[in-house]
Amino acid sequence: MSEWLVLTFAMVAASAVVLTIAVLNNRRLPEDDDPSETPDVIEYMTMMIGVVYAIVLGLAIAGVWEGRGAAQEYVRQEAQALHEVDARSSVYPAEVRTRIRADVDAYVSYVVHDEWQTMIDHGTLGDRGAELLDRVRADVTDYKPKTDHEGQAYQPLVDQVAAADDARSARGQSAGATMPGVVWFGLIIGALVTVGLIFTLQIRRTFRELLLAGLFSVLIAFLLFLIWDFDSPFGRGLSATASPFLDLFPRASGG
């Protein structure tokens, strides 16, 4: 199901439920009911709970957005490290250089075309990726430099392979959902409580009051959708992308 379809359904459903309850609740009120009789303490508590829940929503959105940004940065670091390996290997003999670059391309191609989908579907890395990166590491570390120039390039190449491995591990750790289940429980219960409290203010069936109640419920549904969409850094519409790999390795990505 499309993320936008989920968003539309959630907002329409939330608004429909709130408006239906408001209309049905209004029918039960006696003719002489006075909405000005709402105790001040109820208005105060409604306002305070709304403020607290808004803070919680803001922190949750900031948290998942930061997780999404960190995931994208891990991808960039991994791609850049492999690009350095590809570029710095130019000082090696043609046979060694060709082998290193071919194995780097094979790894990048696997990440872009296969492992990325595995992260989306299962939130984990593929086993083959580690094998392909180990092959790149072996290409770099097994070669014995024969000149001073090659010797000077050897350690930086080893360091870049290590940096790529570290970035890959970090990418794998950020592939799954970032929000614990208990946090989602609190967000959903908080949304129900916050929306439910507006009925304590004796909403009438005027267009203005029903419009505000509907917009409020739509806003809560949208913010929860935003958190859900960002919660999977690689798996949904506004997710991290493989663009660093595609930009730096067009030949491996099919460009």
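**Exercise 1. Describe the nonpolar surface patch that includes Tyr44, and place Tyr44 in its helix.**

Solution. Begin with the membership: in this predicted model, a nonpolar patch on the surface is formed by Tyr44, Met45, Met47, Met48, Val51, Ile55 and Leu59, which together have about 690 Å² of accessible area. Next, locate Tyr44, which is found in helix α2, an element covering residues 40-88. Then classify its exposure: Tyr44 has a relative accessible area of 47%, and because partly exposed residues lie between the limits of 20% and 50%, Tyr44 counts as partly exposed.

**Exercise 2. State which residue spans the UniProt entry annotates as "transmembrane region", and examine the spans 44-65 and 210-228 in the model.**

Solution. First take the record: the unreviewed UniProt entry gives the annotation "transmembrane region" to residues 6-24, 44-65, 182-203 and 210-228. Then turn to the coordinates, where residues 44-65 are 100% helix and 0% strand, with their end C-alpha atoms 32 Å apart. For residues 210-228, the chain is likewise 100% helix and 0% strand, and the end C-alpha atoms of that span are separated by 27 Å.

**Exercise 3. Work out which elements build the largest nonpolar core, and which residues Leu82 touches within the fold.**

Solution. Start from the core itself, which has 33 residues, and in which Leu82, Val85, Val104, Val108, Phe234 and Phe245 have the most contacts. The elements giving two or more residues to this core are α2, α3 (94-122), α4 (127-141) and α5 (148-173), and among these α3 gives the most, with 10 residues. Now follow Leu82: leaving aside residues up to four places away in sequence, Leu82 touches Val104, Tyr107, Val108, Leu133, Ala164, Phe245 and Phe249. Finally, note that another core lies apart from the largest one; this other core has 19 residues, including Val64, Trp184, Ile198 and Ala213.

**Exercise 4. Summarise the protein chain as a whole: how many helices and strands does it have, what share of its residues is buried, and what supplies its exposed area?**

Solution. Count the elements, and the protein chain shows eight helices and zero strands, so that, with helices defined as DSSP runs, the order from the N terminus on reads α-α-α-α-α-α-α-α. Consider burial next: 38% of the 255 residues count as buried. For the surface, the chain exposes about 13900 Å², of which carbon and sulfur atoms supply 62%. As a last step, look at sequence separation: among contacts with a separation of 6 or more, residues 24 or more positions apart account for 80%.

Definitions and conventions: Residues are numbered from 1 along each chain as its sequence is written. This is a predicted model: local features need pLDDT of at least 70, side-chain atom pairs count only at pLDDT 80 or more; totals for chains, interfaces and linings use all residues. Side-chain values use heavy atoms; hydrogens and water are left out. UniProt positions are given in the numbering used here, feature names are shortened, and annotations may be inferred rather than shown by experiment. Helices (H or I, at least four residues) and strands (E, at least two) are DSSP runs, numbered from the N terminus. Patches are made of residues with over 30% relative accessible area and no salt bridge: like charges are joined within 9 Å, nonpolar side chains (Val, Leu, Ile, Met, Phe, Trp, Tyr) within 5 Å. Accessible areas come from the Shrake-Rupley method with a 1.4 Å probe; for residues, only the protein chains shown count as cover. A salt bridge is a side-chain nitrogen of Lys or Arg within 4 Å of a carboxyl oxygen of Asp or Glu. A nonpolar core is a set of buried Ala, Val, Leu, Ile, Met, Phe, Trp, Tyr and Cys residues joined through side-chain atoms within 4.5 Å. Buried means under 20% relative accessible area, exposed over 50%, partly exposed in between (1.4 Å probe, protein chains only). Contact means heavy atoms within 4.5 Å.
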